[in-house]
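Let's take a friendly walk through the cysteines and aromatic rings of this protein. Have the model open beside you as you read.

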Amino acid sequence: MFLAPAYIWLTVAVFLPLSAMLFFSFLSAAPFTNAAWHLTGANYAEFLARAIYPDLLGRSLLLAAVVTACCVLIGYPCAYVLARHVKGRAREALFLLIILPFWSNSLVRIFSWAIVLRGNGIIDHTVGAVFPFVSVNLMFSYTAVVIGLVHSYLPYVILTSYLALQAIDESILEAARSLGAPFRTILFRLLLPLSLPGLAAGAVLIFVPVAGSFMEPRILGGKHGIFYGTLIEDQFVATFNWPLGAALSFILLAVVLLILAAASPVLKRAR
């Protein structure tokens, strides 16, 4: 009874839109256009018929893996420092800086990076001041896309890892130190295994949306920013082919769910 509002909200906000898009994916044309439409599986067959679609899907999954790895490598040490070495108001100030990106519009963040990464931008001027004959222009590159995505999703892994690290009993670490365990042993035998649930949750929260991202690749990548997410956006916005866009979206959803299902044994052991 008390869960009824939550179930109603999930039905209205999640399942109904997904059901509508699933129906669209089996249509020959969008039903709100003047074109005659009928049920068909041609949209899914087109994914297999054109090699560029699987290639872009693989490229997007690789991008998601790279961004997730970068976020984990940067975010976990930050979470460890916050949980174990920073106290009081300094911790509050650092948390404020971490969640600050969530307080601004995503487009503002992306265009801010465009100003920083472009030629004659902040990085170019800084490097040019030290090395006058060196010019740095990272705009419209794969590197720029990765930087923008890491900046957008890094807080997820920091916050989830921080909560997991905070839950570790300090007496366990003290016992290991008293027995002469070096920091490397404590990190790989205690901290990482015990905090793996939070780290895994943060990785999933990053990998899933990055696999279908389109704004950062579109703005920061230029010709190098063509990924599966931008392809789906083009179907809805540029070519107005909603059935194909819906089919491509559900293929991405299915692939991501298969990856998560394959990783579920590892995630279960992390709990």
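A residue is called buried when its relative accessible area is under 20%, exposed when that area is over 50%, and partly exposed in between. With that in hand, keep in mind that this is a predicted model.

Tyr156 has a relative accessibility of 30%, so Tyr156 counts as partly exposed. Tyr153, in contrast, comes to 15% and is buried. Both tyrosines belong to helix α7 (residues 142-166), where they sit 3 residues apart, about one turn of the helix.

Next, the rings. The structure has 11 aromatic pairs. In one of them, Phe23 and Trp37 meet edge-to-face. This pair joins distant parts of the chain: Phe23 is in helix α1 (residues 4-25), while Trp37 is in the loop between α1 and α2 (42-49), 14 residues apart. The two tyrosines introduced above, Tyr153 and Tyr156, make a stacked pair.

| Pair | Centre to centre | Angle between planes |
|---|---|---|
| Phe23 and Trp37 | 6.0 Å | 85 degrees |
| Tyr153 and Tyr156 | 5.9 Å | 25 degrees |

Phe23 is partly exposed at 37%, and Trp37 is partly exposed at 40%. Both also belong to one aromatic cluster, together with Phe24, Phe236, Phe240 and Trp242. Elsewhere, Arg59 lies over the face of Phe227, 4.2 Å from the ring centre.

How many disulfides does the structure hold? The count is 0. The sulfur of Cys70 has its closest cysteine sulfur in Cys71, 7.0 Å away, which is too far for a bond, because a disulfide needs the two sulfurs within 2.5 Å. Cys70 is partly exposed at 27% relative accessibility, whereas Cys71 is buried at 0%.

Methods. Residues numbered from 1 in each chain as written. Predicted model: local features only at pLDDT ≥ 70, side-chain atom pairs only at ≥ 80, totals over all residues. Heavy atoms only, no water. Buried < 20%, exposed > 50% of the residue type's maximum accessible area, 1.4 Å probe, protein only. Phe/Tyr/Trp six-rings, centres within 6.5 Å; stacked < 30°, edge-to-face > 60°. Helix = DSSP H or I, 4+ residues; strand = E, 2+ residues; numbered from the N terminus. Lys NZ or Arg CZ within 6 Å of the ring centre and 35° of its normal.
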